[in-house]
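Trainee: Before I use any label in a calculation, I would like to know what stands behind it. Could we go through the structure and set each value against its definition?

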Amino acid sequence: MLFLNLGCGWKTSDHPGVVNIDWSVMLRIRTNPIYRLFVPLLLKGDRLEHFRSLSKNIRVHNLAKGIPFPDGSADYAYHSHVLEHIDRDIAPLFIRETFRVLKPGGILRIAVPDMERNCRNYLAHVDRCEKEGSAVIAQHDATLEPILEQAVRREAGGTSTQGSLRRRIENLILGDARQRGETHQWMYDRFNLEHLLRTCGFAQIQRQEFNTSAISDWLAYGLDQDEKGGEYKPGSLYIEATKA
Ligand SMILES: C[S@@+](CC[C@H](N)C(=O)[O-])C[C@H]1O[C@@H](n2cnc3c(N)ncnc32)[C@H](O)[C@@H]1O
């Protein structure tokens with residue numbers, strides 16, 4: 001059994017058959033003996049601990065160069081909060097690449113921020129602002145944050161908590177949020193994601209919850225769940241599709 005966890009980040013699975021793949025800056029630093037020398041200069045405190053806690057069970061590979069597995073070799077492919085970081089014109093190539101590596105009958109499971117839910121929450125708060133005025137206006141920006149924050153942010157996550165010298169060195173060496181791939185390039189809802197999957201050849205497109213799946217024994221993978229069994233990334237849209 002082969003299960004590909006593509007763009008795994010820190011959310012790896014040690015379930016038998018899972019291959020976790022990622023190409024984050026932190027992984028590239030960890031695997032490069034020269035870059036590793038800069039780690040104490042760049043990171044300290046919680047960020048250093050976080051870096052050290054990165055699983056060793058990750059294959060370091062740039063998915064922009066394709067998925068490093070033969071045609072029809074994988075039972076399952078999965079990516080969570082990866083698709084929206086890929087350029088809109090490249091996204092179909094990435095989805096077709098997952099189609100290529102899946103066996104006939106194989107399942108692709110995707111989790112993305114749910115644009116529809118985010119917009120509905122925002123519009124519901126517009127209504128509240130109209131009715132309740134100043135009592136709720138201070139919270140209004142919080143409803144815009146899931147839609148816009150990762151599209152406009154320049155500073156990479158966690159960098160601003162570093163001292164100014166570390167911060168400058170880090171930004172110089174590793175680049176800003178966009179250069180590190182942290183910003184969103186497009187957003188998805190149940191309609192454009194289904195359309196994308198169909199145009200890439202997938203069928204049987206079904207919406208799921210974080211804890212439901214057509215993947216057998218899904219909960220044993222520990223993905224889409226936090227340590228307590230709750231939803232790992234609340235507000236996500238979960239879609240599964242089959243290679244017929
Ligand atoms: C927002 S994180 C999501 C991580 C994890 N899947 C999760 O749900 O917490 C996006 C991940 O995709 C990875 N990624 C983006 N582009 C990639 C590429 N070309 N090759 C491999 N990984 C990539 C990033 O390194 C990052 O870890």
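**Labels and their criteria**

Mentor: Let us start with isoleucine 205, which lies in strand 6, where strands are DSSP runs of E with at least two residues, helices are runs of H or I with at least four, and both are numbered from the N terminus. This is a predicted model, in which local features need pLDDT of at least 70 and side-chain atom pairs count only at pLDDT 80 or more, while totals for chains, interfaces and linings use all residues. Residues are numbered from 1 along each chain as its sequence is written.

Trainee: Why is isoleucine 205 called partly exposed?

Mentor: A residue is buried if 20 or more other C-beta atoms lie within 10 Å of its own, exposed if 12 or fewer, and partly exposed in between, with C-beta atoms placed from the backbone. Isoleucine 205 has 17 C-beta neighbours inside 10 Å, and therefore counts as partly exposed.

Trainee: Which residues does isoleucine 205 touch, leaving out those up to four places away in sequence?

Mentor: They are Glu194, Leu197, Arg198, Ile239 and Ala241, where contact requires C-beta atoms, placed from the backbone, within 7 Å. Cysteine 119, by contrast, is 86 residues from isoleucine 205 in sequence and 23 Å from it in space, C-alpha to C-alpha.

Trainee: What makes glutamine 204 noteworthy in its backbone angle, and is the residue buried or partly exposed?

Mentor: Glutamine 204, in strand 6 (residues 203-208), has a phi near 45 degrees, which is a positive value in a residue other than glycine. Because 13 other C-beta atoms lie within 10 Å, glutamine 204 is partly exposed. Aspartate 224 also has a positive phi, of about 65 degrees, although it is not a glycine; aspartate 224 lies in the loop between strand 6 and strand 7 and, with 23 other C-beta atoms within 10 Å, is buried.

Trainee: How do you know that asparagine 20 is buried?

Mentor: Its count is 20 other C-beta atoms within 10 Å, so asparagine 20 meets the criterion for a buried residue. Asparagine 20 lies in strand 2 and, apart from residues up to four places away in sequence, touches Asn5, Cys8, Thr12, Ser13, Ser55, Asn57, Ile58 and Arg59.

Trainee: And what makes threonine 161 exposed?

Mentor: Threonine 161 has 12 C-beta neighbours inside 10 Å, and therefore counts as exposed. Its place is in the loop between helix 8 (140-152) and helix 9 (164-174).

Trainee: What qualifies as the largest nonpolar core, and how many residues does it have?

Mentor: A nonpolar core is a set of buried Ala, Val, Leu, Ile, Met, Phe, Trp, Tyr and Cys residues joined through C-beta atoms within 7 Å. The largest one has 44 residues, with Leu4 and Ala77 making the most contacts inside it. Strand 5 gives the largest share of this core, six residues. Leucine 4, its neighbours within four places in sequence aside, is in contact with Val19, Ile21, Ile67, Phe69, Ala74, Ala77, Tyr78 and Val101.

Trainee: Which residues are closest to the ligand, and how is its shell composed by class?

Mentor: A residue is near the ligand if its C-beta atom, placed from the backbone, lies within 6 Å. The ligand is surrounded by 15 residues, the closest being Gly7, Gly9, Ser24, Leu63 and Ser80. The shell has five nonpolar, eight polar and two charged residues (nonpolar: Ala, Val, Leu, Ile, Met, Phe, Trp, Tyr, Cys and Pro; charged: Asp, Glu, Lys and Arg; polar: the others, Gly among them). Serine 24, in the loop between strand 2 and helix 1, counts as partly exposed because it has 18 C-beta neighbours inside 10 Å.

Trainee: What domains does the protein chain have, and how many residues of each are in contact?

Mentor: The chain is divided into domain 1 (3-114 + 157-242) and domain 2 (115-152), with bounds from an automatic or database domain assignment. In the contact between them, 10 residues of domain 1 meet seven residues of domain 2. On the domain 1 side, these are three nonpolar, three polar and four charged residues.

Trainee: How do you know that the radius of gyration agrees with a compact globule?

Mentor: The radius is taken over C-alpha atoms, and the globule rule is 2.2 Å times the number of residues to the power 0.38. For 244 residues a compact globule would have a value near 18 Å, and the protein chain has 19 Å, which agrees.

Key: Two residues are in contact if their C-beta atoms, placed from the backbone, lie within 7 Å.
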